[in-house]
Amino acid sequence: MNWSSASIAVADVRTDQRFQRRAQVDPERVKDLEASGIRCCGSGFCPHRYEPVELWDSGDGIFVVAGHHRLLLAQRAAVLSIEARVARDADLRWAIAYATRSNARTKPYDPLEEAVIYREMIDAGMTLARISEELDGRPPGYYDRRATLAYLCPQLQSAVELREILVEY
């Protein structure tokens, strides 16, 4: 993947649930970033304090694939542009896989979040072997078993969420 560095207008950056799987960003994480920016630069957003946001230029828009919390902080602080790393020669599958890996490094997914992600990747035509290559190299059967959780009835999904039913890794 070829990345380029660029200054991007915050208003031009779009978010999409395909690239941020969690229902919402963590408000505590945003507060921590803001406090760090205030200590460093005196304002809520300190561009020298954070890694650049990583974006994907789809040709139809620029989407954040890593750095949702930093983007939200920049928006709250009324920052006009941010330094970013931009991937321009990638397809949608790459962008989804990259965002999934990035989010998992920040905070591991719970089993049901993983199930939905893997099921969508399978439904989009990715093979289990390809998912393994794109993500973390676990055996392909792992992704197949985990994806089946997405088909559980709501009562069983609730039991998994509440850890009444344990899901082994």
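Reader: Why is Cys 46 called buried?

Author: In this predicted model, Cys 46 has a relative accessible area of 0%, and buried means under 20%, so Cys 46 meets the definition. Its place is in the loop between helix H1 (27–41) and strand S3. Leaving aside neighbours within four places in sequence, Cys 46 is in contact with Gly 37, Cys 40 and Cys 41.

Reader: How far apart are the C-alpha atoms of Cys 46 and Tyr 118?

Author: The two C-alpha atoms are separated by 35 Å, and the residues lie 72 residues apart along the chain. Tyr 118 belongs to helix H4, where it takes part in the contact with helix H6, to which the questions below return.

Reader: What makes S3 a mostly covered strand?

Author: For S3, 5 of its 5 residues are buried. Val 53, Leu 55 and Asp 57 point one way from the strand, whereas Glu 54 and Trp 56 point the other way, and all are buried. In a regular strand the side chains alternate between the two faces of the sheet.

Reader: How do you know which strands pair with S3 (residues 53–57), and in which direction do they run?

Author: Two strands pair if there are at least two bridges between them. With S4 (residues 62–66) there are 4 bridges, and the strands run antiparallel; with S5 (residues 81–87) there are also 4 bridges, but here the strands run parallel, so both pairings satisfy the definition. On the S4 side, Leu 55 stands opposite Val 64 and Trp 56 stands opposite Phe 63, while on the S5 side Val 53 stands opposite Ala 84. The hairpin of S3 and S4 has 4 residues between the strands, and in this hairpin Gly 59 takes a positive phi near 95 degrees.

Reader: What makes S2 (residues 13–14) a partner of S4?

Author: S2 is joined to S4 by 2 bridges, with the strands running parallel, and since the definition asks for at least two, the pairing holds. The bridge partner of Arg 14 in S4 is Phe 63. S4 itself is mostly covered, with 5 of its 5 residues buried.

Reader: Why is H4 (residues 111–123) described as roughly perpendicular to H6 (residues 140–147)?

Author: The axes of H4 and H6 come within 7 Å and cross at roughly 110 degrees; because angles of 65 to 115 degrees count as roughly perpendicular, H4 is placed in that class relative to H6. The contact is made by Pro 111, Glu 114, Ala 115, Tyr 118, Arg 119 and Ile 122 of H4 and by Tyr 142, Tyr 143, Arg 146 and Ala 147 of H6. These residues divide into 7 nonpolar, no polar and 3 charged.

Reader: How do you know where the buried residues of H6 lie around the helix?

Author: The buried residues of H6 are Tyr 142, Tyr 143, Arg 146 and Ala 147. Seen down the axis of H6, they fall within an arc of 125 degrees, so they line one face of the helix. An α-helix has 3.6 residues a turn, so residues three or four places apart point the same way. The buried residues of H6 pack against H4 and helix H5 (128–134).

Note on methods
Residues numbered from 1 in each chain as written. Predicted model: local features only at pLDDT ≥ 70, side-chain atom pairs only at ≥ 80, totals over all residues. Heavy atoms only, no water. Buried < 20%, exposed > 50% of the residue type's maximum accessible area, 1.4 Å probe, protein only. Axes fitted to C-alpha atoms, helices over the stretch in contact; angles between N-to-C directions. Parallel < 35°, antiparallel > 145°, perpendicular 65-115°, else oblique. Contact = heavy atoms within 4.5 Å. Nonpolar A, V, L, I, M, F, W, Y, C, P; charged D, E, K, R; others polar. Arc of directions from axis to C-beta.
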